[in-house]
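User: I am new to this structure and would like to learn how to read it feature by feature. Please give the general idea each time, then the case at hand.

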Amino acid sequence: MTDTSYAVALVSGGLDSYVSAACARADGHRLLALSIDYNQRHHVELAAARRIASVLGAERHIVLPLDLSLFGGSALTADIAVPKDGVGDDIPVTYVPARNTIFLSLALGWAEAMGARDLYLGVNALDYSGYPDCRPEFIEGFEKLAELATKAGVEGHPFRIRAPLVSMTKADIVRKGTELGLDLGLSWSCYDPAPGGVHCGLCDSCRLRAKGFEEAGVPDPTRYAVSA
């Protein structure tokens with residue numbers, strides 16, 4: 001079964017995945033939203049993912065449990081402090097080992113089961129925190145893997161890994177979301193929420209988010225505990 005009207009979008013609840021999933025819809029796809037409950041540091045982003053999937057009219061939204069805290073190795077899945085001193089050049093401790101590879105593999109399985117051929121994820125390689133699985137080389141490599149590793153692929157029905165934001169700055173992403181008419185305040189970016197359910201304002205993700213809105217010249221709807 002092949003149904004190219006469907007696309008599976010990874011929806012974390014963050015700004016980038018929101019805009020990426022909206023691009024899938026704008027491209028004319030029927031949206032299947034996949035979120036992973038990997039026992040991350042907080043679950044507020046999953047609440048955001050549910051809001052986003054609903055607003056985008058996803059035909060199905062699966063929140064799949066997968067406890068990556070059993071592996072550890074990241075400030076998002078283990079008792080490791082989230083850095084608050086600015087975005088650096090090295091891969092930060094908020095990197096979750098092989099996360100995008102794991103998540104895309106799950107999305108690929110659902111896509112093949114549904115007959116979909118397009119997978120969307122919101123990685124970007126310009127304004128990002130140094131993660132190796134946000135690069136174009138990773139996307140290209142996974143697309144080749146999908147062709148080799150699936151029944152659909154070996155039968156001549158390859159998958160397309162869509163990363164519409166990969167070459168955008170965070171400001172570009174904010175502008176794109178605004179052009180698509182999205183309420184970007186529905187998204188959640190913070191790695192370490194402050195009391196009261198607001199963004200901390202100091203983690204890498206908060207800094208990149210605030211910088212994006214500022215450089216885009218778009219009012220930032222985000223509530224930050226402090227300003228960087």
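**Reading the model**

Analyst: The largest cavity holds about 790 Å³ of space. Keep in mind that this is a predicted model.

User: How many cavities of 30 Å³ or more does a search of the whole structure find?

Analyst: Rolling a probe the size of a water molecule over the atoms shows where empty space is left. Here, the search of the whole structure gives one cavity of 30 Å³ or more.

User: Which residues that line the largest cavity are the closest to its centre?

Analyst: The lining has 40 residues, and those closest to the centre are S12, G14, D16, R99 and Y191. At least two lining residues come from each of helix 1 (15-26), strand 2, helix 2 (44-55), helix 3 and helix 7 (204-216).

User: Now the sheet. In what order do the strands stand?

Analyst: Strands of a sheet pair through backbone hydrogen bonds, either parallel or antiparallel. In this model, five strands make an open sheet with parallel pairing, and their order is 3-2-1-4-5. Strand 3 (60-65) and strand 5 (160-162) are at the edges with a single partner strand each, so one side of each has no neighbour in the sheet. On average, neighbouring strands of this sheet are turned by 25 degrees against each other, direction ignored.

User: How many bridges join strand 1 to strand 2?

Analyst: Strand 1 and strand 2 run parallel and are joined by five bridges. One residue to look for is V8, which stands opposite L32 in strand 2. On the way to the edge, strand 2 (residues 30-37) also pairs with strand 3, in the parallel sense and over six bridges. There, I36 has L64 of strand 3 as its bridge partner.

User: Is strand 1 mostly covered or mostly uncovered?

Analyst: Strand 1 is mostly covered, as five of its five residues are buried. Y6, V8 and L10 point one way from the strand, while A7 and A9 point the other way.

User: Where should I look for the nonpolar core, and which of its residues touch the most other members?

Analyst: In soluble globular proteins, nonpolar side chains tend to be buried together. The largest nonpolar core in this model has 41 residues, and L104, L119 and L121 touch the most other members. Strand 1 (6-10), strand 2, helix 3 (99-114) and helix 4 (136-149) are the elements that give two or more residues to this core. Helix 3 gives the most, with seven residues.

User: Which residues does L104 touch?

Analyst: Leaving out residues up to four places away in sequence, L104 touches L10, L119, L121, F138, F142 and I161. There is also a second, separate core of 27 residues, with Y18, A24, A33 and A171 among them.

User: How do I read the accessibility of a single residue, for instance A152: buried or exposed?

Analyst: The cut-off for buried is under 20% relative accessible area. A152 is at 6% relative accessibility, so A152 counts as buried. This residue lies in helix 5 (residues 151-154). Apart from residues up to four places away in sequence, A152 touches E112, R117, H157 and F159. By C-alpha atoms, A152 and S227 are separated by 49 Å, and they are 75 residues apart along the chain.

User: And V63, in which strand is it found?

Analyst: V63 is found in strand 3. With 24% relative accessibility, V63 counts as partly exposed. Leaving aside neighbours within four places in sequence, V63 is in contact with S35, D37, L46 and R50. From C-alpha to C-alpha, V63 and A47 are 10 Å apart in space, and they are 16 residues apart in sequence.

User: One last feature, the backbone angle phi. What is the phi of N39?

Analyst: Most residues other than glycine have a negative phi, and most peptide bonds are trans. N39 is not a glycine, yet its phi is positive, about 60 degrees. N39 lies in the loop between strand 2 and helix 2, and is partly exposed, with a relative accessible area of 34%. A98 is not a glycine either, and has a positive phi of about 60 degrees. A98 is found in the loop between strand 3 and helix 3, and counts as partly exposed at 33% relative accessibility.

How values were computed:
Residues are numbered from 1 along each chain as its sequence is written. This is a predicted model: local features need pLDDT of at least 70, side-chain atom pairs count only at pLDDT 80 or more; totals for chains, interfaces and linings use all residues. Side-chain values use heavy atoms; hydrogens and water are left out. Two strands pair if DSSP finds at least two bridges between them. Helices (H or I, at least four residues) and strands (E, at least two) are DSSP runs, numbered from the N terminus. Axes are lines fitted to C-alpha atoms, for helices over the stretch in contact, and angles run from 0 to 180 degrees between N-to-C directions. A nonpolar core is a set of buried Ala, Val, Leu, Ile, Met, Phe, Trp, Tyr and Cys residues joined through side-chain atoms within 4.5 Å. Buried means under 20% relative accessible area, exposed over 50%, partly exposed in between (1.4 Å probe, protein chains only). Contact means heavy atoms within 4.5 Å. On a 1 Å grid over the protein atoms alone, a cavity is a set of points where a 1.4 Å probe fits but cannot get out, and a pocket is an open set with protein on both sides within 12 Å along at least five of seven lines; lining residues have an atom within 4 Å of a point. Grid points are joined across faces, edges and corners, and a volume is the space filled by probe spheres set on the points.
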